[in-house]
Amino acid sequence: GVRAVVKLTDLPQKQADRYLRALQDFEPHRQLLIKVGGGLLEDKAAVQELAEALAELADHGVHTVLVDGGGPQLTKAIEQEGHETRFVDGVRYTDEATLRLAKAVFNGITNNLVQTLGNQGVKAVSVPAAKLVSVKRNYDFGLCGTEVAGVDVDEAAAAAREGSVVVLNSLARDADNGDTLNVNSDTVFRGLATELK
């Protein structure tokens with residue numbers, strides 16, 4: 001079917017009808033790709049509104065792939081361990097300790113989203129982004145990928161068949177050796193948008 005790509009920082013229920021109207025011309029199974037920033041995810045009320053809106057979309061046959069961010073949460077976790085976040089040219093430098101925290105923080109956010117969606121009656125599944133997305137490592141930023149090398153479209157389609165909402169974070173795999181790398185969620189979003197067309 002035809003896929004719609006919309007980048008949103010917020011999708012409250014009151015706006016759901018607008019998106020439904022925009023999608024009326026698309027054939028089932030309609031698919032929506034959304035990136036939700038970590039800042040929004042810190043607001044419990046906003047997350048609840050997001051879940052309600054996605055439930056409404058699911059009721060109308062719209063399948064959603066949701067990429068979640070977690071920058072503020074990762075920064076907080078790093079500071080709680082007594083370390084400072086280091087940025088190089090605006091990109092978070094990822095060392096081993098940062099990557100360990102990123103795995104814990106991002107997976108926690110993803111699991112919370114799946115649970116919140118489930119409480120709204122939405123069949124949501126989490127898929128490790130590393131299973132879907134490979135990236136080219138940029139050594140200037142440590143254990144970090146800054147360019148998507150490929151997306152496993154078959155895996156993405158399989159996940160979409162499992163749930164109305166597929167939730168993934170921004171940990172991807174190194175295209176060269178399979179290691180897990182930290183990636184900006186916007187980069188993952190753009191890669192999915194391009195590869196899934």
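Contact, in this tour, means heavy atoms within 4.5 Å. The model is a predicted one, and the stops below go from the helices to the barrel.

**Stop 1: helices H3 and H5**

Select helix H3, residues 44–59, together with helix H5, residues 96–119. On the H3 side, the residues to display as sticks are Val47, Gln48, Leu50, Ala51 and Leu54; they meet Leu113, Thr116 and Leu117 in H5. Sorted by class, this contact of H3 with H5 comprises 6 nonpolar residues and 2 polar ones, with no charged residues. The two helices pack at an angle of about 55°, and their axes lie 9 Å apart. H3 and H5 are therefore oblique to each other, since an angle that is neither under 35 degrees, over 145, nor from 65 to 115 counts as oblique. Viewed as a crossing, the passage of H3 over H5 is right-handed.

**Stop 2: helices H4 and H5**

Keep H5 on display and add helix H4, residues 71–80. The angle at which H4 and H5 pack is about 130°, with 9 Å between their axes. That value makes H4 oblique to H5. H4, too, passes H5 in a right-handed crossing. To see the contact, select Gln73, Leu74, Ala77 and Ile78 of H4, then Thr98, Leu101, Ala102, Val105, Phe106 and Ile109 of H5. These residues divide into 8 nonpolar and 2 polar, and none is charged.

**Stop 3: a salt bridge that reaches H4**

How many salt bridges does a search of the whole structure find? The search finds 5. One to inspect is formed by Glu42 with Lys76, whose closest N and O atoms are 3.5 Å apart. The pair links distant parts of the chain, 34 residues apart: Glu42 belongs to the loop between helix H2 (38–41) and H3, whereas Lys76 is in H4.

**Stop 4: the barrel**

Now hide the helices and select strands E7, E8, E11 and E10, named here in the order in which the 4 strands close into a barrel; their pairing is mixed. Neighbouring strands of this sheet are turned by 60° against each other on average, with direction ignored. Helix H8, residues 185–195, packs on the sheet and touches E7, E8 (144–151) and E11 (180–183). The direction of H8 makes about 15° with that of E8.

The barrel can be followed pair by pair. Strands of a sheet pair through backbone hydrogen bonds, either parallel or antiparallel.

- E7 (residues 133–137) with E10 (residues 171–174): the two pair in the parallel sense over 2 bridges. Centre the view on Val135, which stands opposite Asp174 in E10.
- E8 with E11: these strands run parallel and are joined by 2 bridges. Cys144 is the residue to pick, standing opposite Asn182 in E11.
- E10 with E11: here 3 bridges join strands that run antiparallel. Ala172 has Leu181 in E11 as its bridge partner, and Arg173 has Thr180 in E11.

**Stop 5: the hairpin of E10 and E11**

Which residue takes a positive phi in the hairpin of E10 and E11? Select Gly178, where phi is near 85°. The hairpin has 5 residues between its strands. From Gly178, the view may be returned to Arg173 and its partner Thr180, where the tour ends.

Notes:
Residues numbered from 1 in each chain as written. Predicted model: local features only at pLDDT ≥ 70, side-chain atom pairs only at ≥ 80, totals over all residues. Heavy atoms only, no water. Pairing = 2+ DSSP bridges. Axes fitted to C-alpha atoms, helices over the stretch in contact; angles between N-to-C directions. Left-handed = near helix turned anticlockwise from the far one by under 90°. Nonpolar A, V, L, I, M, F, W, Y, C, P; charged D, E, K, R; others polar. Salt bridge = Lys/Arg side-chain N within 4 Å of Asp/Glu carboxyl O.
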